Amino acid sequence: MKVISSGHSFAYEMSCLTMLFFPGRKVALADELPESDYVYTQLTEHKDTIELIVQVNLSGTQYQDRETLEGGTTQWDCQRALGVLVYKLLSRITGRHPQWGILTGIRPVKLIQRRVDEGMPEEEIRRYFQQECLVSPEKMDLAMATQKMEHQILSRSTPDSFSLYISIPFCPSRCSYCSFVSHSIEKTFRLIDPYVDALCREIDLTAHLAKELGLTLRTVYFGGGTPTAISAEQLGRLTRQVAGSFDLSQVWEYTIEAGRPDTITREKLQVIAQAGVSRISINPQTFNDSVLEYVGRKHTSQDTCRVYEMARDMGFANINMDLIAGLPTDTREGFEHSIQEVLRLAPENVTVHTLSVKRAADLAACSMDQLAQQAENVTYMVDYAGRALTGSGYGPYYLYRQKNTLDNLENTGYCKPGFEGLYNVYIMDETHTILACGAGAVTKLRQPGGKQIERVFNYKFPYEYLSKFDEIVKRKEQVKDFYERFPIR
Ligand code: SF4
């Protein structure tokens, strides 16, 4: 499917929108009209009016719609009106009605927050997004509830606040749907020990920088990969380094994303508890063993329950569980069962992800009908999760979207009151600086009290991280340079 534009600069947005209606199909921008299968949009400015035209050609059949706007209409309103025209025409043709309407960016809540900050009343915000951007009432409820929770969390952050991210890019084996850079421990076994040593050095270096700059550590997050893929001794070395190098007295939240149940042992949980970690993740992804096997996760749902009970017995009082809607071979009933199992276990946090399809090629084996069916199933699953969780006392507190999720659906963090995962909100909103250590980690520098954001990248792969460690040390100077340009007031 080709997307061709004329007279405007919203080609990219129109192609994102087009993708929603043709799941799994390659949608690409083009300069010239092909014979068939295209979406053509045109904006023409006349003396007092602006004319919008959308033409769709599908399997040789031509469809068209048009609208006239008043002259002087803003760029954004032109883009929005053109998006609405494309959405409505493609809805008529395909019978699909993506629930987020024309909002294709990753942070719909941010758009709402902007209007709240401008003083727009709630009813007006709802009316605007539902009528002018075609967002469904259900998604609007979700976004408004999330915005309220997020707002409270964001307002806690002060100009000197920062979070620390530690990357453990190793996993016991690779899950078929994974889009992260993660390395199987079997293949990288010999690298892990030197990696932990180098990471300890980077943690210490980062702590010195933070101290020198007068930054206050608020949240700590060990992510991956799977942080518990490494041994208890290695994990202990890292947590002791964090405790020895940083001042943890002002930390609001300390998370270790334990992740896969097949890596979690009593010994590792003891190390985590001793480090004063306040929040862990035990991620089932699904409670259907056949689906787990199909996607290459080497554990069963029983393992998840066993490890969860063990963590509870050891006193962990804030546990997150991740589920994924739309895993290959999962069904509506299977997903309902996963949600019911999570509710039975009653963790404090539940994060519901929508499967992100890595490449259109992954879906090439499916027919368009199968893909449309899969997208409908995912819509059902995500809606079901929202209803079941909110009906059981959980509320949404953060929400974002990844590229290439079926039906453009979201990932939502739900929690019991008072158990919001702060780091998740800060990283997603880019509220304050995140100093990140380890392979694949990206430090995000946020101007205190301002909007400037700069990034410092570490090398992606552990072997590069080790062999070019001197360069990593050098790049840390950029943190200092940033705060010299944008001091904490
Ligand atoms: S455990 Fe997570 S990070 Fe590791 S391979 Fe599976 S999905 Fe990817």
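A residue counts as near a molecule if one of its heavy atoms lies within 4 Å of it. Keep in mind that this is a predicted model: local features need pLDDT of at least 70, side-chain atom pairs count only at pLDDT 80 or more, and totals for chains, interfaces and linings use all residues. Numbering starts from 1 along each chain as its sequence is written, and side-chain values use heavy atoms, with hydrogens and water left out.

**Exercise 1.** List the residues around the ligand and sort them by character.

*Step 1.* Going round the ligand, you meet Cys171, Ser173, Arg174, Cys175, Tyr177, Cys178, Phe180, Gly225, Thr226, Arg260 and Arg297.
*Step 2.* Sort them, with Ala, Val, Leu, Ile, Met, Phe, Trp, Tyr, Cys and Pro as nonpolar, Asp, Glu, Lys and Arg as charged, and the others, Gly among them, as polar.
*Step 3.* That shell splits into five nonpolar, three polar and three charged residues.

**Exercise 2.** Work out the strand order of the open sheet and find its edges.

*Step 1.* Strands are DSSP E runs of at least two residues, helices H or I runs of at least four, both numbered from the N terminus; two strands pair if DSSP finds at least two bridges between them.
*Step 2.* The five strands line up as β2-β1-β3-β4-β5, with mixed pairing.
*Step 3.* β2 (28-29) and β5 (61-70) pair on one side only, making them the edge strands.
*Step 4.* Now zoom in on β1 (residues 2-6): two bridges join β1 to β2, and the two run parallel. Lysine 2 stands opposite alanine 28 in β2.
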